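I sat down with a fresh notebook page and a structure to look through. Here are my entries, in the order in which I looked things up.

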Number of protein chains: 2
Amino acid sequence: MRADARKNYDQLLDVAGVVLAEEGADASLRDIARRADVGLATLYRHFPTREALLEALLRTGFDDLTAQAGELEASRAPDEALVVWLREFVACAARYQGVVTLMVAAIEDPGSALHASCVAMRASGARLLARAQEAGTARRDLDGADLYALAGALAWLSDQSALADRTDHLFDVVAEAILVGSKRERAGTSSSTWPSR
Amino acid sequence: MRADARKNYDQLLDVAGVVLAEEGADASLRDIARRADVGLATLYRHFPTREALLEALLRTGFDDLTAQAGELEASRAPDEALVVWLREFVACAARYQGVVTLMVAAIEDPGSALHASCVAMRASGARLLARAQEAGTARRDLDGADLYALAGALAWLSDQSALADRTDHLFDVVAEAILVGSKRERAGTSSSTWPSR
DNA sequence: ACCTGAACACCGTTCAAGT
DNA sequence: ACCTGAACACCGTTCAAGT
């Protein structure tokens, strides 16, 4: 890559990170190009679609999440690992408001720049789910696609400012629903002691 | 209302119902006016905001849902009534793709044309939830706002074509999570026998 | 190789001018 | 009273023309 192209690329990515964090995943691409002092067509050259831009911004987060699934598998109890991963998924999607909708659409669109990452994330979640199921701590009538859908729904909740104050609590409710033999039978109280990180 | 105004109003509502059902809640208002053979400013005169148009289209459905809550309270067991209402909520929001996002935003925006309906719906759901809680068949650490958020999340799931095939199953999972003392302990199987209407 | 301005076909929203 | 075309300020996307 030529030096001037590299500079434009980096500048676009920097500015896009700020603008998308401010305005959400459907922010104006024109505005990003403007604020990066770059021609609009240059943005399109480097990132032919909105998904490509988001993919570049989220790639490291996605890779971390997939890698973390492997570490969790080695270091934590099956149910704990699953819940930590789920929490991390939601946090990852929360970086840019509205990105979760693109992420779920990408799963069935092989042409999307987000497709590969999303398929990999779903697979890594599915492995953690299967492990918990084998250990008898997750209900057996769910698969990776169900888990991905539930993760998406929780991320959507945290995107909605009118519902944001419920998301922590509802995360616990859904996490409990995925797991078996948990608090529900033992105590039935509302307080949650799921691993927070 | 003058006769020509009435005609325009009805025509707009007819066409809007078709277009929004086809293209979702963020369809082009210009397109609706065009297909209704009406000036764009006439649409704005009758429906000053997108929410106002949706409110006119959804009003009867919303009213039915609120009324139905009352009937369910009289005729059905508390847990059954709650689940039937929840299912109806999701079906109602599914009429126009993307409308659920406007519905949750409307709950904290008193200026929205959808505000009153949404507050009423949340309240009617809250009553059914409280009734089930008093009967001991719903978990006590949820309130009306939580139920509304869960209903919204389920409606969002059914909006996403990539996840649509999971929504029936995940509806059951979430419904089970709201209720207590259900299938989970008795059988632990995946088949569901919730009231379907 | 890479960049850019301008063009095209769309939006939502408003308003002066018509009947 | 009610309707309308046109205007304004925005989009996303593409492409010929520049260096």
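**Entry 1: DNA strand D**

I began with the classes of residue in the surface near DNA strand D, and I found 9 nonpolar, 5 polar and 7 charged. For my own key, nonpolar covers Ala, Val, Leu, Ile, Met, Phe, Trp, Tyr, Cys and Pro, charged covers Asp, Glu, Lys and Arg, and polar covers the others, Gly among them. I note at once that this is a predicted model, in which local features need pLDDT of at least 70 and side-chain atom pairs count only at pLDDT 80 or more, while totals for chains, interfaces and linings use all residues; side-chain values use heavy atoms, with hydrogens and water left out. Residues are numbered from 1 along each chain as its sequence is written, and chains are lettered from A and ligands numbered from 1 in the order in which they are written.

Next I asked which residues come closest to DNA strand D. Of the 21 that surround the strand, these are R30(A), Y44(A), R50(A), N8(B) and T42(B); a residue is near a strand if one of its heavy atoms lies within 4 Å of it. Turning to the strand's own atoms within 4 Å of the protein, I found 54% in sugar or phosphate and the rest in bases.

I then looked up single polar contacts (a pair of N or O atoms within 3.5 Å; within protein, one must be able to donate a hydrogen and the other to accept it, and residues adjacent in sequence count only if both atoms are side-chain atoms). R50(A) places a polar side-chain atom 2.9 Å from a phosphate oxygen of DNA strand D. For S28(A), a polar side-chain atom is 3.1 Å from a sugar or linking oxygen of this strand. From the other chain, H46(B) has a polar side-chain atom 3.5 Å from a phosphate oxygen of DNA strand D.

As for elements, α2 (29-35) and α3 of chain A and α1 (3-23) and α3 of chain B each supply at least two residues of this surface. I counted 4 residues from α3(B), which gives the most. Helices here are DSSP runs (H or I, at least four residues), as are strands (E, at least two), numbered from the N terminus.

**Entry 2: a closer look at H46(B)**

I stayed with H46(B), which sits in helix α3 of chain B. Is H46(B) buried or exposed? Its relative accessibility is 18%, so H46(B) counts as buried (buried is under 20% relative accessible area, exposed over 50%, partly exposed in between, with a 1.4 Å probe and protein chains only). Beyond its neighbours within four places in sequence, H46(B) is in contact with M1(B), A5(B), N8(B), Y9(B) and L12(B); contact means heavy atoms within 4.5 Å.

**Entry 3: DNA strand C**

I turned to DNA strand C, where N8(A), G39(A), T42(A), R30(B) and Y44(B) come nearest out of 21 residues around the strand. Its phosphate oxygens gave me three distances to chain B: 2.7 Å to an N or O atom in the side chain of Y44(B), 3.0 Å to one in the side chain of R50(B), and 3.1 Å to a polar backbone atom of L29(B). The elements giving two or more residues to this surface are α1 (3-23) and α3 (40-46) of chain A with α2 (29-35) and α3 (40-46) of chain B. Here α3(A) gives the most, with 4 residues.

**Entry 4: the two copies**

I superposed chain A on chain B: a rotation of 180° with 0.0 Å of shift along its axis does it, at RMSD 0.0 Å (least squares on the C-alpha atoms of residues with pLDDT of at least 70 in both). The copies are therefore related as by a two-fold rotation axis. Both use the same surface, since 100% of the contact residues of chain A recur in chain B.

**Entry 5: chain A and the rings**

I listed 10 helices and 0 strands for chain A. Of its 197 residues, 52% are buried.

Last, I looked up aromatic pairs and found 7 over all chains. F89(B) and Y148(B) have ring centres 5.8 Å apart and planes at 80°, so I logged the pair as edge-to-face. (Rings of Phe, Tyr and Trp, its six-membered ring, pair if their centres lie within 6.5 Å; planes under 30 degrees apart are stacked, over 60 edge-to-face, the rest tilted.) F89(B) lies in helix α5 (residues 78-93) and Y148(B) in helix α8 (residues 144-159) of chain B, so the pair ties together parts 59 residues apart in sequence. Both residues, F89(B) and Y148(B), are buried. In chain A, ring pairs link W85(A), F89(A) and Y148(A) into a cluster.
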